[in-house]
Amino acid sequence: MIGFLRNSNLGEQLTIAAVALFIVLAVAGTTILTVAAMNSVGDSEPVGNETDAQISTDIAWLEATTNGGSTTTEITAYNETGTIIWQTEVTNSNLSSGLTGASVVGTSEYVYVASNKEIYTLNASTGNLTNRTDNYVTQLALDPSDNLLTSVSHESQSLSKDTIYSIDKNATITVDNASYDGTGNISTTTDKTISVSSYESDTINTLNGNENDILAATDEYVVVSVYTNRTDDPYDMHIVDRSTGDSVYEIQYTHPSYVQRAVVKPNGTIVLNAQIKPESSAQGDINETFVEFDTDTGTVVTEVTKNSQNLTHDFFRNGWIANLTFTSLGEFDVTINKATVYEYNHSYQISIYDQSGAKIYQNDSAEFGHNYIDAYGGTYDIKVDGLGLREQRVNDTTIYHARTNTEKFSMEYVGTGYLNITSVKDKNSTELENLSVQINDSAGESVYSASNTTAPVETELTAGESYTVTISKPGYFTESKSISISENNTTQISFRLSEKTDSTNTTNDSDGGSTIIGGGGSSDGLSSNMNIILYGIGGGSSFLFLLLLALYSARKARQGF
């Protein structure tokens, strides 16, 4: 390299030196950004561990809800316990007003929704919309190969998919045997019809057209809702035996405006759930019935009727999708309120810790009110504090998928005081420079840090707390002191450091204890990492400048000869 420079002319040498200087500055600038990124806690990514948030589960219940007049449909996927796996909204912006009702079916790969004159295709793991097509259908089903069908509803399709049921306005049930070609086409042949008189004693109301519906089905049984001529709560639900046409179980006085649903579990058990009134003329609280019917034995195995507020039961399963893997992702709503009235001109600080106690998120600019933080599923601890505030903490709070966990913090102002490090000397009573100062609270967390500074150092701290003040300097033993801060007072301390080359041991030679006086002050100092980088830039730049100057002088000397 030196030989190359020696054989180059002055212009080439100057160019090389300039390029080298540019490279040094560019690398140093990149280093600054890298160190800054490494030192930050929390960013735009969700809080927590994405790998730990990977969950394998089954979708047990798919629900699509469209309110009358709305062009937006909300689709929700639940697991067996009723926990939301994901929730998605889709909107047909081409409609001025929406249509009531939506149909939803799912496979291990996709969830299909028919609503507001469109069919939406969602990713089964995430709920994200992958496709939408214009298609004015109100019913969906799947063939045995998971091809989408729009000519029948999945409610009218038996669990095995070998039977299709339909019901007309007279409540006559038609039973069809179904066959599929594997490409999304279905063909049926009628096996039998079941007259309403064989399962319903009341007269059917046909004035409003067909108000009857198929709710769920197996090859042996079908669940129907029929509209009678009764004035109050005119709907009845029946489990009808396909072979005999008889009603093997009935729930009277129901209404689709209340809860009225039926599903078939993967084992063939039929589940009914309906809100009812005990008598047609009854007024007052609506009761709720939950029934499980074993299709193998043809018997009711569970039957509970209570006030709807007190009834608990297994969650429904109407869209079984097995072995689904998804990433559990929710959010915190950290709501900061004031427990007492106080003027506060500082930012709040939110810290989040994982179960190992490691801090994984910190926001030093949190606001009064709502602070929303995305987080992977898991259990966390949250701490909220600020200068002059009493720390508030919530432990073991859990994030569930697609849910917002609201944690409220009522902050109390306790005041501030000041710490003044009056002097830092060596054993000869000489004031030392280029000091690093670190102040930690009683939990060991940093509340103040400064480097390359000189006493006196003064900073404002929360009153009523204990702190550890640590002074360090290269070539000297590090010293620490414990201090307390009281409101509107200044605590003064001084240090005496021992050189590592001295024969003295590592005992604390700090000057006496702390002194409390009235007063106030400010803080200063840069981070030690940043100063190291800046010194490196300065040193490298100075070296290249001197090299350039030496080359120029040598060149001029040669020209002189």
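Select V104 in β5 and V113 in β6: the two are bridge partners. Strands here are DSSP runs of E with at least two residues, helices are runs of H or I with at least four residues, and both are numbered from the N terminus. The model is predicted, so local features are given only at pLDDT of at least 70 and side-chain atom pairs only at pLDDT 80 or more, while totals for chains, interfaces and linings use all residues. Residue numbers start from 1 along each chain as its sequence is written, and side-chain values use heavy atoms, with hydrogens and water left out.

Widen the selection to all of β5, residues 103–106. β5 and β6 run antiparallel and are joined by four bridges; strands count as paired if DSSP finds at least two bridges between them. The two strands form a hairpin with three residues between them. Which residues of β5 are buried on each face? S103 and V105 are buried on one side, V104 and G106 on the other. Buried means under 20% relative accessible area, exposed means over 50%, and partly exposed lies in between, with a 1.4 Å probe and protein chains only.

Next, follow β6 to its end and select K117, in the loop between β6 (110–115) and β7 (118–123). Its phi is near 65°, positive in a residue other than glycine. K117 counts as partly exposed, because its relative accessibility is 37%.

Then go to A171, in the loop between β11 (163–167) and β12 (173–180). A171 also has a positive phi, about 70°, although it is not a glycine. Is A171 buried or exposed? A171 is buried, at a relative accessible area of 0%. Most residues other than glycine have a negative phi, and most peptide bonds are trans.

For an exception to the second part, select A455 and P456, which are joined by a cis peptide bond with omega about 5°. P456 lies in the loop between β32 (446–453) and β33 (457–462).

Stay with β32 and show the sheet it belongs to. This is an open sheet of four strands in the order β32-β31-β34-β35, with antiparallel pairing. β32 and β35 (479–484) stand at the edges with a single partner strand each, so one side of each has no neighbour in the sheet. From one strand to the next the twist averages 15°, an angle between N-to-C directions (0 to 180 degrees) of axes fitted to C-alpha atoms. β34 (residues 466–472) pairs with β35 through six bridges, in the antiparallel sense. Within that pair, S466 stands opposite S484 of β35.

Now select F332, V334, I350 and I352. Of the 22 residues in the largest nonpolar core, these touch the most other members. The elements giving two or more residues to this core are β23 (329–338), β24 (348–353), β25 (359–366), β26 (369–376), β27 (378–385) and β29 (404–411). A nonpolar core is a set of buried Ala, Val, Leu, Ile, Met, Phe, Trp, Tyr and Cys residues joined through side-chain atoms within 4.5 Å.

Keep F332 and show its contacts, meaning heavy atoms within 4.5 Å. Beyond its neighbours within four places in sequence, F332 is in contact with residues including I352, Y372, I373, Y380, I382 and N405. Apart from this core lies another, of 21 residues, among them L435, Y448, Y467 and I483.

Finally, show the whole protein. Its secondary structure comes to three helices and 37 strands. Of its 561 residues, 42% count as buried.
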